[in-house]
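This briefing goes through one protein model, topic by topic. Please keep the sequence and the coordinates open while reading.

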Amino acid sequence: MKITSAKYTTSVVREEDLIQDKRFQFAFVGRSNVGKSSFINKLVNQKRLAKTSSTPGLTKMVNYFLINDDFYFVDLPGYGFAKTDNKNKQVWGRVIEKYLYPNESLLTVFVLLDVRHIPSEQDKKMIDFLLFYNIPFKIIVTKVDKVSKNKMLASVSEIAKFLKIRKESITPVSSENGYGIDSVLAVIEGQLQMAGK
Ligand SMILES: Nc1nc2c(ncn2[C@@H]2O[C@H](COP(=O)(O)OP(=O)(O)O)[C@@H](O)[C@H]2O)c(=O)[nH]1
Ligand SMILES: [Mg+2]
């Protein structure tokens, strides 16, 4: 799959403003700072399409990017901010849920986990939610450039065991050096083909 264009479309806070057109969508979820924005930037090969930040919790909106004038990448709010009050937390949780289900345009949710951490309670809740509603998802393990190859393999096995899934269904990536990016692009291409594009 070649991404030839990627354009910021809009950012949405309220569920009633979520995009309802028929274009297919791929969503990216994970805790704040896991590397969602960096991953999107790497996939589209642009340095600053999705804003990246080393301050957790800055991305609080559902951000849409139109890819190849055809389908969307959707950067969802990071869960588990330390710095927002409870009221805000609930709003973000709700908009994520309203975005995810029901959503007939959504082809795959990429769930991002940091290679250096065991999945959090919120990661588990997210995966349980996706399983419950039968929403197709793929686990992406991020920032693998930060660890040795052995540590990466051990971490993938550990995460697979913890989540009770096959380790082959986990894709390790690095937005720093591009590791794993082509295989994610291949998944996206396959999903679009299966959906009849
Ligand atoms: N070394 C390394 N750092 C990364 C990688 N992905 C993201 N980061 C860094 O992690 C921090 C959070 O990334 P960001 O994409 O903003 O995370 P988000 O909050 O999930 O969108 C930033 O300082 C990034 O530069 C990666 O693959 N490797
Ligand atoms: Mg972000």
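What follows covers the overall fold, the central sheet, one enclosed helix, the salt bridges and the internal cavity.

The model is predicted. The protein has 5 helices and 7 strands, and along the sequence these follow the pattern β-β-α-β-β-α-β-α-β-α-β-α. Of the 197 residues in the protein, 46% are buried.

**Sheet**

- The 7 strands form an open sheet with mixed pairing, in the order E1-E3-E4-E2-E5-E6-E7.
- Its edge strands are E1 (6–12) and E7 (170–172), each of which pairs on one side only.
- From one strand to the next, the twist averages 25°.

**Strand E2 and its neighbours**

- In the strand order, E2 stands between E4 and E5.
- E2 pairs with strand E4 (residues 71–75) in the parallel sense, over 4 bridges.
- The pairing of E2 with E5 is also in the parallel sense, over 5 bridges.
- Phe-28 has a residue opposite it in each of these strands: Asp-75 in E4 and Phe-110 in E5.
- E2 is mostly covered, with 5 of its 5 residues buried.
- In a regular strand, side chains alternate between the two faces of the sheet.
- For E2, one side holds Gln-25, Ala-27 and Val-29, the other holds Phe-26 and Phe-28, and all of these residues are buried.

**Helix H1**

- Helix H1 spans residues 36–44, and 7 of its 9 residues are buried, so the helix is largely enclosed by the rest of the structure.
- The buried residues of H1 are Lys-36, Ser-37, Phe-39, Ile-40, Asn-41, Leu-43 and Val-44.
- An α-helix has 3.6 residues a turn, so residues three or four places apart point the same way.
- Asn-45, just after H1, takes a positive phi of about 60°.

**Salt bridges**

- A search of the whole structure finds 8 salt bridges.
- Asp-123 forms a salt bridge with Arg-31, with the closest N and O atoms 3.9 Å apart.
- This pair links distant parts of the chain, 92 residues apart: Asp-123 is in helix H3 (residues 121–132), while Arg-31 is in the loop between strand E2 (25–29) and H1.
- Are the two partners buried or exposed, by relative accessible area? Asp-123 has a relative accessible area of 2%, which is under the 20% cut-off, so Asp-123 counts as buried. Arg-31, at 28% relative accessibility, counts as partly exposed because this value lies between the limits of 20% and 50%.
- Arg-116 and Asp-114 meet through their side chains in a salt bridge, at 2.9 Å from N to O.
- In this pair, Asp-114 is buried, with a relative accessible area of 8%, whereas Arg-116 is partly exposed at 36% relative accessibility.
- Asp-21 and Arg-23 form a salt bridge with their closest N and O atoms 3.8 Å apart.
- Asp-21 is partly exposed at 29% relative accessibility, and Arg-23 is partly exposed with a relative accessible area of 32%.
- Arg-14, Glu-16 and Asp-17 are linked in a network of salt bridges.

**Cavity**

- How many cavities of 30 Å³ or more does a search of the whole structure find? The search finds 1.
- The largest cavity has a volume of about 40 Å³.
- Its lining consists of Arg-31, Val-34, Leu-112, Leu-113, Asp-114, His-117, Ile-118, Pro-119 and Asp-123.
- Strand E5 (residues 106–114) supplies the largest share of this lining, 3 residues.
- By class, the lining residues divide into 5 nonpolar, 1 polar and 3 charged.
- Arg-31 and Asp-123, which both line the cavity, are joined to each other by a salt bridge.
- Asp-114, another residue of the lining, has Arg-116 as its salt-bridge partner.

Technical notes. Residues are numbered from 1 along each chain as its sequence is written. Chains are lettered from A and ligands numbered from 1 in the order in which they are written. This is a predicted model: local features need pLDDT of at least 70, side-chain atom pairs count only at pLDDT 80 or more; totals for chains, interfaces and linings use all residues. Side-chain values use heavy atoms; hydrogens and water are left out. On a 1 Å grid over the protein atoms alone, a cavity is a set of points where a 1.4 Å probe fits but cannot get out, and a pocket is an open set with protein on both sides within 12 Å along at least five of seven lines; lining residues have an atom within 4 Å of a point. Grid points are joined across faces, edges and corners, and a volume is the space filled by probe spheres set on the points. Helices (H or I, at least four residues) and strands (E, at least two) are DSSP runs, numbered from the N terminus. Ala, Val, Leu, Ile, Met, Phe, Trp, Tyr, Cys and Pro count as nonpolar, Asp, Glu, Lys and Arg as charged, and the others, Gly among them, as polar. Buried means under 20% relative accessible area, exposed over 50%, partly exposed in between (1.4 Å probe, protein chains only). A salt bridge is a side-chain nitrogen of Lys or Arg within 4 Å of a carboxyl oxygen of Asp or Glu. Two strands pair if DSSP finds at least two bridges between them. Axes are lines fitted to C-alpha atoms, for helices over the stretch in contact, and angles run from 0 to 180 degrees between N-to-C directions.
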